[in-house]
Amino acid sequence: MGMADQFKDKSEQAKQQAKQAMGRARDEASERASKGRSRPDDETRRAQQEAQDRLDQDYDA
């Protein structure tokens with residue numbers, strides 16, 4: 001195996017590692033984003049109740 005072949009193999013390995021790292025980074029970012037959007041149930045219920053209270057106040061006046 002000549003030097004050119006060795007460099008080519010190293011280059012291919014580096015490309016594959018870069019692709020894998022990009023895939024992992026994308027997955028992690030997606031997971032963080034979905035966690036950031038999710039709310040605990042009690043917080044969601046509280047927000048819905050506040051919205052309903054404001055609506056009720058608007059119609060009571």
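This passage describes the helices, surface and charged side chains of a predicted model.

The fold of the chain is easy to summarise: it holds 2 helices and 0 strands. Helix α1 covers residues 3-37, and helix α2 covers residues 41-60. Burial is just as quickly told, since 0% of the 61 residues count as buried. The chain exposes about 5900 Å² in total, and 49% of this area is supplied by carbon and sulfur atoms.

Turning to the charged side chains, a search of the whole structure finds 1 salt bridge. Glutamate 12 and lysine 15 form a salt bridge, with 3.8 Å between the closest N and O atoms. The pair counts as a salt bridge because the cut-off for such a contact is 4 Å between a side-chain nitrogen of Lys or Arg and a carboxyl oxygen of Asp or Glu. Both residues belong to helix α1, where they are 3 residues apart, about one turn of the helix. Glutamate 12 has a relative accessibility of 38% and therefore counts as partly exposed. Lysine 15, at 48%, is likewise partly exposed.

Helix α2 brings a further charged feature into view. Aspartate 53 is found in this helix, and this residue gathers with Glu50, Asp56 and Asp58 in a surface patch of negative charge. The relative accessible area of aspartate 53 is 33%, so this residue is partly exposed. Membership of a patch requires over 30% relative accessible area and no salt bridge, and the value of 33% for aspartate 53 can be read against that cut-off.

Conventions: Residues are numbered from 1 along each chain as its sequence is written. This is a predicted model: local features need pLDDT of at least 70, side-chain atom pairs count only at pLDDT 80 or more; totals for chains, interfaces and linings use all residues. Side-chain values use heavy atoms; hydrogens and water are left out. Patches are made of residues with over 30% relative accessible area and no salt bridge: like charges are joined within 9 Å, nonpolar side chains (Val, Leu, Ile, Met, Phe, Trp, Tyr) within 5 Å. Accessible areas come from the Shrake-Rupley method with a 1.4 Å probe; for residues, only the protein chains shown count as cover. Lys and Arg count as positive and Asp and Glu as negative; His and the chain ends are not counted. The place of a charge is taken as NZ of Lys, CZ of Arg, CG of Asp or CD of Glu. Helices (H or I, at least four residues) and strands (E, at least two) are DSSP runs, numbered from the N terminus. Buried means under 20% relative accessible area, exposed over 50%, partly exposed in between (1.4 Å probe, protein chains only).
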